[in-house]
Amino acid sequence: MFEHLADYPGDPILSLIGAYQSDGRPEKVNLSVGIYTDAQGKLSVLQSVVAAEQHLRKRSLAPSMYLPMEGHEGYRLSAQRLQFGNESPALAEGRIATLQTLGGSGALKIGADFLRQWFPGSSVWVSDPTWDNHIAIFEGAGLAVKKYPYYCSSSAELAFEGMLKELSTLPSRSIVLLHPCCHNPTGLDLTNAQWLKVIKVLVERELIPFVDCAYQGFGEGLDQDAFAIREMERAGLTFLVSYSFSKNFSLYGERVGTLSVVCHSPQVATKVLGQLKATVRRNYSSPPNHGAQLVDLVLGSELSTLWRTELEEMRLRTSSMRELLATLLSDAGLPLGEQLRRHRGLFSYTGLNKAQIGRLRQEFGIYLVDNGRMCVAGLTMEKTPYVSSAIVEVLLHRE
């Protein structure tokens, strides 16, 4: 029956997990998958989340009923306040339709299906480059995907003028996928002034922004990283926000995310939420409960202060690892060192080609994604000098 099926080659990022785990070299370093690890190179355990977990265990173990299609109510409200701010007019006026999703990927999928149904003639424009799964998700939903300039490989800098020029030519109601902070995979973010110029074009061209926020708190700080989202609201845009708590709560396996749509009126928001719920029903019916309860407990209690402190520590550690690697590479005479200093968040674009990345993997047990993306959050004080010397070797010396 299924002999005609093609083989699945595997995800280019997730497939590296198995390769790394089967690598027996003690000096190996995993800088491929986008996860934050602590100073010992282990998955981070947040004490705020541990405390919330202990609180949940004290409750009676009653059977868990299905959540509504839109998810846990307290979690959804907590997520809205975090993303849009307590002073958000749209939040106060009930103009934001939010539902709980299966992580950030689930939010993108629900958003893609929703847009495909109600804007069937619209194409999706993504940054060049972007996270590979962005393209897969939108194409899988039946939407045509195109690219706008973002990264200049010759200068290793943001191609902002090209980006702005391209966006200024898009047809009305084109969907534009944007990274509000910690751009994946380059690590290059727009300045606030550049965001204001982009938002002006989005308004003038009547475009539909789809903001993918997976790393709030890892760039410049929680509120600073939400600048683009809050400015879009202030500009009166209708837009979508996919969100993930995987990284900033270290809850990867719990699949905790949200999808929000900012609307012009509470009546429209009610309609939108209804159609989003219908989309969820056609996919997985309702989301899981446990991770949402943890996030809501933390954000809605005094544990929020502890969580913010822990997240800031994670941000600063990631930044310090990037700075250490940048210093070592600069000391070795490589311009890559100075380039890294312009990046923010978990990732940095190294500019290494596939052959060089293959050498790092085969000769040194250092795992990067084939497009040259490095997860800086996977570095430690002990292993960063080893990674630096290996990069110097593959860039300055041939096999």
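This briefing describes the nonpolar cores, aromatic pairs, salt bridges and a surface patch of the structure above. The model is predicted. Its largest nonpolar core has 65 residues, and a second, separate core has 28 residues. A search of the whole structure finds 14 salt bridges, and the structure also holds eleven aromatic pairs.

**Nonpolar cores**

- Within the largest nonpolar core, of 65 residues, the members with the most contacts are Met163, Val198, Met232, Phe239, Phe245, Phe249 and Trp307.
- Helix 12 (residues 290-299) supplies the largest share of this core, namely six residues.
- The second core, which is separate and has 28 residues, includes Ala97, Ala107, Phe114 and Ile137.
- Leaving aside residues up to four places away in sequence, phenylalanine 239 touches Phe84, Pro209, Val211, Ile229, Met232, Glu233, Ser260, Val261 and Val262.
- Among these contacts of phenylalanine 239 is Met232, and both Phe239 and Met232 are listed with the most contacts inside the largest core.

**Aromatic pairs**

- Eleven aromatic pairs are present in the structure.
- Phenylalanine 245 and phenylalanine 249 form one that is edge-to-face, with 5.5 Å centre to centre and 85 degrees between the planes.
- Phenylalanine 245 and phenylalanine 249 are both buried.
- Phenylalanine 249 also pairs with tryptophan 307: the ring centres are 4.7 Å apart and the planes stand at 25 degrees, so this pair is stacked.
- The stacked pair links distant parts of the chain, its two residues being 58 residues apart. Phenylalanine 249 belongs to the loop between strand 9 (239-244) and strand 10 (256-262), whereas tryptophan 307 belongs to helix 13 (residues 303-331).
- Tryptophan 307 is buried, as is phenylalanine 249.
- Ring pairs join Tyr75, Tyr243, Phe245, Phe249 and Trp307 into a cluster. Of this cluster, Phe245, Phe249 and Trp307 are also named with the most contacts inside the largest core.

**Salt bridges**

- Side chains of opposite charge can pair when their charged atoms come close.
- In helix 2 (residues 47-57), arginine 57 and glutamate 53 lie four residues apart, about one turn of the helix. They form a salt bridge whose closest N and O atoms are 3.9 Å apart.
- Arginine 57 has a relative accessible area of 63% and is therefore exposed.
- In helix 13, arginine 315 and glutamate 312 are separated by about one helical turn because they are three residues apart. The closest N and O atoms of their salt bridge are 2.8 Å apart.
- Arginine 315 counts as buried, with 13% relative accessibility, while glutamate 312 is partly exposed at a relative accessible area of 30%.
- Arginine 341 and glutamate 338 meet through their side chains in a salt bridge of 3.1 Å, N to O.
- Both residues of that bridge count as partly exposed: arginine 341 at 27% relative accessibility and glutamate 338 at 44%.
- A network of salt bridges links Glu323, Glu338 and Arg341.

**Surface patch**

- Met1, Phe2 and Leu5 make up a nonpolar patch on the surface, and together they have about 420 Å² of accessible area.
- Phenylalanine 2 is located in the segment before helix 1 (15-22).
- With 62% relative accessibility, phenylalanine 2 counts as exposed, because the exposed class begins over 50%.

How values were computed
Residues numbered from 1 in each chain as written. Predicted model: local features only at pLDDT ≥ 70, side-chain atom pairs only at ≥ 80, totals over all residues. Heavy atoms only, no water. Patch = residues over 30% accessible without salt bridge, like charges linked within 9 Å, V, L, I, M, F, W, Y side chains within 5 Å. Areas by Shrake-Rupley, 256 points an atom, 1.4 Å probe, with all protein chains shown as cover. Salt bridge = Lys/Arg side-chain N within 4 Å of Asp/Glu carboxyl O. Buried < 20%, exposed > 50% of the residue type's maximum accessible area, 1.4 Å probe, protein only. Core = buried A, V, L, I, M, F, W, Y, C linked by side-chain atoms within 4.5 Å. Contact = heavy atoms within 4.5 Å. Phe/Tyr/Trp six-rings, centres within 6.5 Å; stacked < 30°, edge-to-face > 60°.
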